Amino acid sequence: MRAAVAIESLKENPYFAERVKEIADEVTYLPARPDHDELRDLLGQYDLLVIGARERITADMLRDAPVRTRIVGTLSVGTDHLDIPALKEAGIYVERCPTANVRSVAEHALALLFALSKELKWGDRLVADGKSRSGLPSLPFELSGRTLGLIGYGNIGSTLGTLAVALGMRVVATSRTRQGGGDGEVAFGTLEHVLSESHLVSISVPLTQETRGMVNSTTLASLREGAILVNTSRAEVVDEQAVRAALDSGRLAGYGGDYDHADPNLTERPNVLITPHVAGITAESNDRLDNELIDRLAAHLKG
């Protein structure tokens, strides 16, 4: 089996480097991340491709040239950069990393909630401009005693819920499969119910046709006045124009996101904090991602 690894730094992980040699006779680490045409060529040359979320595999790439690849491993939780139906039709199996960075993303979402509730960006700008705390639009507030709404209750959402309960927060949640009942200290309801109940809201859902634009002007109309919204999912889950309008009206007191192509009209605001798609990347999670992916690829090949 011939394998191509699109992320050269993976060869610096001894565990990954040894395990990939157990499942492939030939391993090539690419010196640079492949573009569209280079990735299409790789699909015709290698049995196994290891890529990241930057590499997009589309139906036309599978249709326009001979395809040798049988397995794609993506160093990510999400698969929205891959045309899964087209890959399945082409007989290509896709493996991902569903659990490795759960804690990292949950902690990052919590950090955004803290930063926005404490108005850290606003306060930092005031000090930089030589101004005092009287320039803050309102007093920071404590998370304890507040209600956190979770949109999505998978691995990340449930982990964030556990952290929030430990802080003394009330937690309500909604998911595709649960819109009623409870799970320990977490109560479930509809999206509109969660938005209306929550002082702070965190979104942790995959990007699909159903979730694209799910937070829009209609759903934000259900939001509690002066709430804080955090999105560690893909940017496309949220309608940024609707977010701007909600910030202007005061329905939203703050917005946080984790993606690297935000609207400049958002990022310039002192009550908006956007990080460069780094929520899942920590010193601890990096190795876990590498190791989980190669372990899952090896288990699939053995199975």
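Angles here are taken between N-to-C directions and run from 0 to 180 degrees, with axes fitted to C-alpha atoms, for helices over the stretch in contact. Keep that in mind for the first stop. One more thing before you click: this is a predicted model.

**Stop 1: helix α10**

Select residues 240–249, which make up α10. The helix lies across β12 and β13, and its direction makes an angle of about 150 degrees with β12. Now colour its buried residues: E240, A242, V243, R244, A246 and L247. What packs over them? The cover includes α9 (217–220), β12 (252–258), α11 (264–267) and β13 (272–275).

Zoom in on the two ends. At the start of α10, D239 points a side-chain oxygen to within 3.0 Å of the backbone nitrogen of Q241. Just past the helix sits G250, with a positive phi of about 90 degrees.

**Stop 2: the sheet underneath**

Keep β12 and β13 on screen and bring up their partners. They belong to an open sheet of eight strands with mixed pairing, and the order to trace is β8-β9-β7-β6-β10-β11-β12-β13. Which strands are at the edges? β8 (182–183) and β13, each of which pairs on one side only.

Next, pick out β10 (residues 200–203) and β11 (residues 227–231), which run parallel and share four bridges. For one pair to label, take V201, whose bridge partner in β11 is L229.

**Stop 3: S198**

Step back along the chain to S198, in the loop between α8 (191–197) and β10. Is S198 buried or exposed? Its relative accessibility is 0%, so it counts as buried. Show its side chain and look for two polar neighbours. A polar side-chain atom of S198 lies 2.6 Å from the backbone oxygen of V194, and one also lies 3.2 Å from the backbone nitrogen of G149. Leaving out residues up to four places away in sequence, S198 touches T147, L148, G149, V172, R224 and A227.

**Stop 4: salt bridges**

Time for some charges. Side chains of opposite charge can pair when their charged atoms come close. With a cut-off of 4 Å from a Lys or Arg side-chain nitrogen to an Asp or Glu carboxyl oxygen, the model has 15 salt bridges. Here are some to click through.

- Select R2 and E26: their closest N and O atoms are 3.0 Å apart. R2 is in strand β1 (residues 2–5) and E26 in strand β2 (residues 26–29), so this pair ties together parts 24 residues apart in sequence. Both are partly exposed, R2 at 23% relative accessibility and E26 at 34%.
- Select K21 and E18, whose side chains form a salt bridge at 3.3 Å, N to O. The two are three residues apart in helix α1 (residues 14–23), about one helical turn. E18 is partly exposed, with a relative accessible area of 46%.
- Select R68 and D47, which meet at 3.1 Å, N to O. R68 is in the loop between α3 (59–63) and β4 (71–74), while D47 is in the loop between α2 (36–43) and β3 (48–51), so the salt bridge links parts 21 residues apart in sequence. R68 is partly exposed at 34% relative accessible area, whereas D47 is buried at 15%.

For the last click, select R19, E22 and D295 together: these residues are linked in a network of salt bridges.

How values were computed: Residues are numbered from 1 along each chain as its sequence is written. This is a predicted model: local features need pLDDT of at least 70, side-chain atom pairs count only at pLDDT 80 or more; totals for chains, interfaces and linings use all residues. Side-chain values use heavy atoms; hydrogens and water are left out. Buried means under 20% relative accessible area, exposed over 50%, partly exposed in between (1.4 Å probe, protein chains only). Contact means heavy atoms within 4.5 Å. A polar contact is a pair of N or O atoms within 3.5 Å; within protein, one must be able to donate a hydrogen and the other to accept it, and residues adjacent in sequence count only if both atoms are side-chain atoms. Two strands pair if DSSP finds at least two bridges between them.
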